[in-house]
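Hello,

Please find the structure we talked about below. My notes come right after it.

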Amino acid sequence: MKGLVIKDLVCMKKQLIIFCYVVFAVFIVSIMYMLSAQFGNIALAAQQLKAQEDMANIDIVSVTNMATVFFMLLPLAVMCDFTIIFREDHKAGFANVSASLPLPIWQRVLAKYITLIVLFALGCVVDIVIGGVLACLTDTLQFVDFICVILSAVSIMSIFSCLAVFFCLLLKGGNEEHATIFSLLVMVSMLVLINIQKIKNIILMILSESDIPDEILVPDIFGLFRNKTLILVVTAAVIMVLSYTGSYLIATRKRGVL
């Protein structure tokens, strides 16, 4: 199984190289942004907007926090294209080779999820290092806030990757793009179901031609990432278990898929 994990990491070699470049770029840009937000042009622009009453202080802090979420998400987003492993396996016909290995199906399936965990653990550690540096450069965010944002981001990306693994095994080889689309559709559907009441209220306000409050129309993404960390982590763990179970059942019933 260790060899399968190494093989998957080799398939992700291009993504890992891009990840290194992205981490370096994010590290430099995020430091420049935080310094500018404290002492530079961004801080000056914020003071002018506040003086002109175009933006309240809370809005300026919110913009800074949203930029922080973006910085934390970008390196992890590079790692979540897990379908490339299945794409490379399909091109090489690796399913025929893996079927001859002295490993049961459950271990072959488990190797995919171990690879997923290794990759996101790497991204999480790198993001924590970046977050620690940024926490020293800003007074609006504590290090614990960065930890919450990072864990939430890792959880969301993990959910997407677990769904992608499941759909890659469910569909025939060569349909990895469809697996990505289905994974996105499932996540969007989950988001809609969670916010169904909020969406209903917005529709009612539109029909009644009422003004929609900004706090309803514009989601507080940073607040979600910071305050719902435990829920997102538990949800990611449950979906990973369900995804593994479903993938194992599919691999057991469908010969030649893994």
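Here is what was found, from the whole chain down to one residue.

Please keep in mind that this is a predicted model. The mean pLDDT over the chain is 80. A score of at least 70 is reached by 81% of the residues. Confidence varies between elements. Helix 13, residues 229–253, has the highest value, with a mean of 92. Helix 11, residues 214–217, has the lowest, with a mean of 53.

On to the fold. The chain has 13 helices and zero strands. Along the sequence, the pattern is therefore α throughout, by the DSSP runs used to assign helices and strands.

Next, burial and surface. The chain has 258 residues, and 39% of them count as buried. About 14400 Å² of the chain is exposed. Carbon and sulfur atoms account for 71% of that area.

Contacts reach far along the sequence. Take the contacts between residues at least 6 apart in sequence: 80% of these join residues at least 24 apart.

One residue gives an example. Which helix holds Ile31? Ile31 sits in helix 2, which spans residues 13–39. Leaving out residues up to four places away in sequence, Ile31 touches Val133, Leu134 and Leu137. Take the pair Ile31 and Leu137. In sequence, 106 residues separate them. In space, their C-alpha atoms are 7.7 Å apart.

Best wishes

Notes
Residues numbered from 1 in each chain as written. Predicted model: local features only at pLDDT ≥ 70, side-chain atom pairs only at ≥ 80, totals over all residues. Heavy atoms only, no water. pLDDT = per-residue confidence, 0-100. Helix = DSSP H or I, 4+ residues; strand = E, 2+ residues; numbered from the N terminus. Buried < 20%, exposed > 50% of the residue type's maximum accessible area, 1.4 Å probe, protein only. Contact = heavy atoms within 4.5 Å. Areas by Shrake-Rupley, 256 points an atom, 1.4 Å probe, with all protein chains shown as cover.
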